[in-house]
Amino acid sequence: MRLLGVDVGGTKTHILIVDELGNVIVFEEGPGANYQGVGVEKAYQTLKRLIEKALKSASLSLDELDAAFFGVAGADFEYENRVVQSILERLGLKRYAFDNDGRIALRSGTFDDVGIMISCGTGGINYACDGKRMERIGGFSSFFGERLGSYIIAGKVASAILRAKDGRSENTVMVEMFESQIASKIEDIMHYEYEGDYEKMRDYAVLLIRTLYSAARDHDFVALKILCEIVDEVVRIVEAFRKKLNFTPPIKLVLEGSFFKNADPILLNMICSALGRDYRLIVPKHPPVVGAVLLASELVGCSFSDRAIEKLIGFWGDQT
């Protein structure tokens, strides 16, 4: 059996082909294929090219894929789902399904879909399931209530630096830390945001987040306050899910996305401290696309054994 999983993001796309024993046949990364960012036609062409490349590497034809599952960033409402469907149906796959990318992250982190998943990558999305019902919270934009996401957090750091410089907020060592890294004033990078240079801003976002952690390790008040705001939002999301669903401790809490995967232990320890002993914190080394192939297997009435899952995630150095 050959199963295809695809994680369609705004900044990158992951392609994974595995067999039913958990053997990774192909794992590839390509550019983002979210139609909201690149347009419908380019999204289709990117997915088509990446899947064809993966099939060639695996010495497989499209017809030899038994099932496929796509986790698609931006697949939020009926309109978006219709657009995504129109793109995927052009790929010629004989059996496939799709859902929001948060859905595959929940499955990838819990393996059995029971637990809470909070993702903080470029943006944020939250899913949870108690084994009977599944719920989603957020996953939109800062305008519509989001407080997690690498850009949002980097923006908090940039704001704190500027406000400290002009006297509107407390002093922070992040001013000197960040400006020494870029060998310039923070004001000098503003034009990249104004001009919509997202690639350059991604680089600065990474530097801003690194600065946040460095300052927190130096016990900088402003940096620690920002980390507290992040922890507070995690706790609020968890509490909101607990009101909607019925869990029996210990509850798996999966922290997914580039921000959490690259988090300093100081943040993870703060989250554990705030939540208490009812939770088992999980920060997967493997990518969410693993959840896509697990869901693809269900389309053909197959399920991975524990041994197959262990073998699958072992490809990235994880252990169950």
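Mentor: Two strands pair if DSSP finds at least two bridges between them. Keep in mind as well that this model is predicted.

Trainee: Which residue in E3 is the bridge partner of Leu-16?

Mentor: Begin with the strands: E2, residues 12–19, is joined to E3 by 7 bridges, and the two run antiparallel. Leu-16 falls within the range of E2. Its bridge partner in E3 is Phe-27.

Trainee: What is the angle between the direction of helix H2 and that of E3?

Mentor: Helix H2 covers residues 40–58 and packs on the sheet. The strands that H2 touches are E1 (2–8), E2, E3 and E4 (67–72). Its direction and that of E3 make an angle of about 150 degrees.

Trainee: Which strands stand at the edges of the sheet with the order E3-E2-E1-E4-E5?

Mentor: This is an open sheet of 5 strands with mixed pairing. An edge strand has a single partner strand, so one of its sides is left without a neighbour in the sheet. The two that fit are E3 (24–31) and E5 (96–100).

Trainee: Which helix lies across E1, E4 and E5?

Mentor: Look for a helix made of residues 101–110. The helix runs at about 95 degrees to E5. Its name is H4.

Trainee: Which strands stand at the edges of the sheet with the order E8-E7-E6-E9-E10?

Mentor: This too is an open sheet of 5 strands, with mixed pairing. The edge strands each have a single partner strand, so one side of each lacks a neighbour in the sheet. They are E8 (134–137) and E10 (279–282).

Trainee: Which residue in E7 stands opposite Ser-119?

Mentor: Strand E6 (residues 115–120) and strand E7 (residues 124–129) run antiparallel and are joined by 6 bridges. Ser-119 lies within the range of E6. Opposite Ser-119 in E7 stands Ile-125.

Trainee: Which helix packs on this sheet and touches E6, E7, E8, E9 and E10?

Mentor: The helix in question covers residues 221–244. Its direction makes about 145 degrees with that of E8. It is H9.

Trainee: What angle does helix H11 make with E10?

Mentor: Helix H11, residues 265–275, also packs on the sheet. The strands that H11 touches are E9 and E10. The angle between the directions of H11 and E10 is about 165 degrees.

Trainee: Which element gives the largest share of the lining of the largest cavity?

Mentor: The count comes to 1 cavity of 30 Å³ or more, and the volume of the largest cavity is about 70 Å³. Its lining includes Val-8, Tyr-35, Leu-47 and Val-84. Two elements give two or more residues to this lining, H2 and helix H3 (78–88). The largest share, 3 residues, comes from H3.

Trainee: Which element gives the largest share of the lining of the second largest pocket?

Mentor: This pocket has a volume of about 480 Å³. Of the 18 residues that line the pocket, those closest to its centre are Tyr-151, Gly-155, Ala-158, Glu-193 and Met-201. Two or more residues come from each of helix H5 (150–166), H7 and helix H8 (198–217). The largest share, 6 residues, comes from H5.

Trainee: How many disulfides are there?

Mentor: A disulfide needs two cysteine sulfur atoms within 2.5 Å. The sulfur of Cys-272 is 15 Å from the closest cysteine sulfur, that of Cys-228, so the two are too far apart for a bond. The count of disulfides is therefore 0.

Trainee: Is Cys-228 buried, partly exposed or exposed?

Mentor: Partly exposed lies between the two cut-offs, under 20% for buried and over 50% for exposed. The relative accessible area of Cys-228 is 44%. Cys-228 is therefore partly exposed.

Trainee: Is Ser-59 buried or exposed?

Mentor: Ser-59 is found in the loop between H2 and E4. Its phi is near 55 degrees, a positive value in a residue other than glycine. A residue counts as exposed over 50%, and Ser-59 has 65% relative accessibility, so Ser-59 is exposed.

Trainee: Where is Ala-183?

Mentor: Ala-183 has a positive phi of about 50 degrees, although it is not a glycine. At 69% relative accessibility, Ala-183 counts as exposed. Its place is in the loop between helix H6 (174–182) and H7.

Conventions: Residues are numbered from 1 along each chain as its sequence is written. This is a predicted model: local features need pLDDT of at least 70, side-chain atom pairs count only at pLDDT 80 or more; totals for chains, interfaces and linings use all residues. Side-chain values use heavy atoms; hydrogens and water are left out. Buried means under 20% relative accessible area, exposed over 50%, partly exposed in between (1.4 Å probe, protein chains only). Helices (H or I, at least four residues) and strands (E, at least two) are DSSP runs, numbered from the N terminus. Contact means heavy atoms within 4.5 Å. Axes are lines fitted to C-alpha atoms, for helices over the stretch in contact, and angles run from 0 to 180 degrees between N-to-C directions. On a 1 Å grid over the protein atoms alone, a cavity is a set of points where a 1.4 Å probe fits but cannot get out, and a pocket is an open set with protein on both sides within 12 Å along at least five of seven lines; lining residues have an atom within 4 Å of a point. Grid points are joined across faces, edges and corners, and a volume is the space filled by probe spheres set on the points.
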